[in-house]
Amino acid sequence: MRPESRTCALCRVSACHAQSAVPASVPRVIGAAGFHTSAPAANKQDFYQVLGVPRSATQKDIKKAYYQLAKKYHPDTNKDDPQAKEKFAQLAEAYEVLSDEVKRKQYDTYGTAGFDPGQAGAGAGSQQFWRGGSSELFRKIFGEFSGSRFGDMNSIFDQPQEYIMELTFNQAAKGVNKEISVNIEDSCQRCDGKGNEPGTKLQHCHYCNGTGMETINTGPFVMRSTCRRCGGRGSVMTTPCLSCRGTGQTKQRRTVMVPVPAGVEDGQTVRMPVGKKEIFITFRVQRSPVFRRDGADIHSDLHISIGQAILGGTARAQGLYETINVTIPAGSQGDQRICLSGKGIPRVNSYGYGDHYIHIKIRVPKNLTDRQRALLMSYAEDETDVEGTVNGVTNTTAGETTS
């Protein structure tokens, strides 16, 4: 027959009165989960004070506070501080309780007494509130039950990677598929993503008896949660992969193809999924010796002769997509521009294309043949709207002469 377990109303110690009635000659065996005192619980620091948050803090505030403090006091980053490990364990235990709404409510009601390991009930699959060290709790919180070392802080607080891609003007305007080398996390090539060393097998989890779930008795509450040892898989690896340390993922240098959309601008950033993560790519667009950009519109200059400007004609201009034959109207001026509708850059967040504006630039010759000079002198003598003088012409509209 199993002796009845009674609980003292003052100290909440299981079977505290029954113990005094047992004769000294009778051997007593007390299970680790069957007897405890409440003194250690009374000495524990308040979990809210450990994380430095008020009792009204939201889950977001609690998580943020823990992340900052865990990174600060992590043993791997404070090897010279002997108190860092103890502080880190306190942070992990406080976060384990306060991050769970059920446990937090129980803690607010009963304090740390409800979480003393001695309160854990016996039975198949039942465990204490926390039997592992701070490192195991740290892996539980961040989902790292793979058997890898918990000191890989870079993988936990990793930020999205940013890359710079150089583009020519035409590549940015028309779009292009361009390769870029990135560091990504992908399935480990040594273990094929399984996590355990090739040739070894997974071990049956004795914490949950292979079910992946465990029962936790804490005071008046009975909870079933994912097994803290195996993370719900029902098995644990005893020999992690030497390459990925049990994660099943390794950082690898890969060359990926980036589909650059047509119309991207200098300094524009796009997000692209690569493997299980995302990267940010910022484009740096080179200047064009021919075109100037204004949104989806482009501008270029077209140099024409005096004869083309006066008499009109055609000229060949470089377009974004092809060479264009431009019609020069007679009497074109130096500040005139010609609009080629729809010959610009595609609109990224809209439909259609911008326009191509060609600016007329009249090219004035510096050296003339005798015949050209004679013709221009004859033309200048016939001009009637000249203000001032013309070199070499004796008659002007102002009636002045010049040599």
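User: Which residues do ring pairs link into a cluster in this predicted model?
Analyst: The model is predicted. A search of the whole structure finds six aromatic pairs. Ring pairs also build a cluster, and its members are F47, Y48 and Y107.

User: What kind of aromatic pair do Y48 and Y107 form?
Analyst: Their ring centres lie 6.1 Å apart, and the planes meet at 45°. Under 30 degrees would count as stacked, and over 60 as edge-to-face. The angle of 45° fits neither class, so the pair is tilted.

User: How many residues apart in sequence are the parts that the Y48 and Y107 pair ties together?
Analyst: Y48 lies in helix α3, residues 47-51. Y107 lies in helix α6, residues 101-110. The pair therefore ties together parts whose separation in sequence is 59 residues.

User: Are Y48 and Y107 buried or exposed?
Analyst: Buried means under 20% relative accessible area. Both Y48 and Y107 are in that class: buried.

User: What is the geometry of the aromatic pair Y321 and Y353?
Analyst: The centres are 6.4 Å apart. The angle between the planes is 85°. Over 60 degrees counts as edge-to-face, so this pair is edge-to-face.

User: Where in the chain do Y321 and Y353 lie?
Analyst: The pair links distant parts of the chain, 32 residues apart. Y321 is in the loop between β13 (313-318) and β14 (323-328). Y353 is in the loop between β15 (337-340) and β16 (356-363).

User: Which exposure class do Y321 and Y353 fall into?
Analyst: The relative accessible area of Y321 is 40%. For Y353 the relative accessibility is 44%. The class between buried and exposed runs from 20% to 50%, so Y321 and Y353 are both partly exposed.

User: Which charged end sits over the ring of Y357, and how far from its centre?
Analyst: Two such contacts can be described. The charged end of K87 sits over the ring of Y73, 5.7 Å from its centre. Over the ring of Y357 sits the charged end of R337, and the distance to the ring centre is 4.4 Å.

User: Which strands are the edges of the open sheet of four strands?
Analyst: The strand order is β11-β12-β16-β15, with mixed pairing. The twist averages 30° from one strand to the next. An edge strand here pairs on one side only, and these strands are β11 (292-294) and β15.

User: Which residue in β16 stands opposite L302?
Analyst: Strand β12 covers residues 297-305. β12 and β16 pair in the parallel sense over eight bridges. Opposite L302, the residue in β16 is I360.

Conventions: Residues numbered from 1 in each chain as written. Predicted model: local features only at pLDDT ≥ 70, side-chain atom pairs only at ≥ 80, totals over all residues. Heavy atoms only, no water. Phe/Tyr/Trp six-rings, centres within 6.5 Å; stacked < 30°, edge-to-face > 60°. Helix = DSSP H or I, 4+ residues; strand = E, 2+ residues; numbered from the N terminus. Buried < 20%, exposed > 50% of the residue type's maximum accessible area, 1.4 Å probe, protein only. Lys NZ or Arg CZ within 6 Å of the ring centre and 35° of its normal. Pairing = 2+ DSSP bridges. Axes fitted to C-alpha atoms, helices over the stretch in contact; angles between N-to-C directions.
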